[in-house]
Amino acid sequence: KVVPFSILAGIVGFTLQNIGLLELDQGALERIVYHGLALTFIGIGLQKPPKKAVNQDAIAMGLGISIMAVLQGLVAILCIAILSNFGEPLHPGIGLLLPLGLNQGPGQALSMGNAWEEISGLESGGQIGLILAASGFFWSIVFGIPLAIYGQKKGWIQPSKKQIETHETEPNEDINAHIMIIAVIYLLTFGFLHALSTGPLAQETKHMSMLWGFHFLIALMLALGTRSFWSKIRFSLSNSTLTQITNTTVDFVTCSALIAVQLSILKENIFVISTLSIIGMIITWSGVLYLSKRGFHRDRFAHAILWFGSSTGTLPMGLSLLRIVDPNLQSAAPASATKGAVFALIFSAPLLLIVMPYAISQWPLGYPSTHYILLGGFTLYALIILGFWKNLANLGKYSSYTDETQDT
């Protein structure tokens, strides 16, 4: 099995939907994508991190996710600025949806695109965000799968027999009880967001839209924060059961996101969307391959696969690609992604909470001068994150996928 069944199902569903042989509720598909991403993070956050996970790898993953979002935003704004000089001025939100769609995922891109459509008149903003996110899935398939197969043939990832045995002998708790715990955490997530939506932020539409888009990170923090609580009430969480639930959720999210793309919106914006998507893929591909060999202590190729998938099609796609070479998710990469999400949130916060709202608020009166301010800001921020990475995660210490360290 090379191509995950969820991807094949998504491609088939998208094809049947757009030739008129299948009719599915668009809103239902989008809700599956939105809610499924948070459920995936809860399932991973509840798992006990493997002993081989190291903090520096988690820092590197968090910084890596952030730097890729910044680089994608930089090239997108540059592209929008250039295209605007040769034709009608383009809404900056179209460019900013590239890092949201590729790096944050269809749920985030959809919610922010809809918000910007209401706030600043970004026409079809939600669908453009969803299409850019779906294009990331396409790049993950076209480039991620061959990369995974190539790395596997080169022997860059080889889970040990001991790890597999440890995973299989883990106690298997009642799957229904695990689902109940995940549901409780998600209920707490929505309760928290609902409480905030009735407070001062409720009057700031763009802030609340952004906050609801971050629901999956809030869910992750609640999962991490309550993980030890379940053992105190004598309930032993099983990593194997949680992995089974998470993998199923990943499949549903991946499939639904691919089917949810509306072909008519894609046709109307084909030139801008394809230009942004191709440029975003090039910077992501080259950045991940170059930096992953230099920024992780162990399982570097596993980190590279997961990172590329996460930076083009969100964490579920990254996990789908990783499962090609690491079916039981036993490498250190998933744990690094879980821990690193906190660092990614911290280092991406200025981009999401300051830079993007500023860019949207300046449209249209502040342009084209705001383009140059954004380009300078993105460049400076990229250099700052690379500086943190070099000092905190020993960026540049290695130069290949196979020079594994011996420390544990």
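Helices are DSSP runs of H or I with at least four residues, numbered from the N terminus. These legends follow that numbering through a predicted model, in which local features need pLDDT of at least 70, side-chain atom pairs pLDDT 80 or more, and totals for chains, interfaces and linings use all residues. Residues count from 1 along each chain as its sequence is written, and side-chain values use heavy atoms, without hydrogens or water.

**View 1. The largest cavity and the helices around it.**
Welcome to the interior. The model has 3 cavities of 30 Å³ or more (a cavity is a set of 1 Å grid points, over the protein atoms alone, where a 1.4 Å probe fits but cannot get out; lining residues have an atom within 4 Å of a point). In the largest cavity there is about 240 Å³ of space, the volume being what probe spheres set on the points fill. Its lining is built from 16 residues. Look around the centre of this cavity for Phe-41, Ile-65, Asn-103, Gln-104 and Phe-216, which lie nearest to it. Two or more lining residues come from each of α2 (26–45), α4 (92–104), α10 (215–232), α14 (300–325) and α15 (333–361). Helix α15 provides the largest share of this lining, with 6 residues.

**View 2. The second largest pocket, with α6 as its main contributor.**
Here we move to an open space, of about 380 Å³, the second largest pocket (a pocket is an open set of points with protein on both sides within 12 Å along at least five of seven lines). It is lined by 18 residues, and those closest to its centre are Ile-131, Ala-134, Ser-135, Phe-138 and Leu-266. Helices α1 (5–18), α6 (125–154) and α13 (270–295) each give two or more residues to this lining. Of the elements around the second largest pocket, α6 gives the most, 7 residues.

**View 3. Ser-135 and its partner from farther along the chain.**
Zoom in on Ser-135, a residue of helix α6 and one of those closest to the centre of the second largest pocket. Ser-135 counts as buried because its relative accessible area is 12% (buried means under 20%, exposed over 50%, partly exposed in between, with a 1.4 Å probe and protein chains only). Ser-277 follows 142 residues apart along the chain, yet the C-alpha atoms of Ser-135 and Ser-277 are separated by 6.6 Å.

**View 4. Two cis peptide bonds between α15 and α16.**
Both prolines in this view sit in the loop between α15 and α16: Pro-364 and Pro-368. The bond joining Trp-363 and Pro-364 is cis, with omega at about 0°. The bond joining Tyr-367 and Pro-368 is also cis, and its omega is about 15°. Helix α16 covers residues 369–392 and includes Ile-384. Ile-384 has a relative accessible area of 38%, so it is partly exposed.

**View 5. Ser-124, a positive phi ahead of α6.**
Where does Ser-124 lie? Ser-124 is placed in the loop between α5 (106–120) and α6. Its phi is near 55°, a positive value in a residue other than glycine. With 19% relative accessibility, Ser-124 counts as buried.

**View 6. Two buried cysteines in a model without disulfides.**
Finally, a look at Cys-79 and Cys-255. Cys-79 is buried at 8% relative accessibility, and Cys-255 is buried too, with a relative accessible area of 18%. How many disulfides does the structure hold? The structure holds 0 disulfides (a disulfide is a pair of cysteine sulfur atoms within 2.5 Å).
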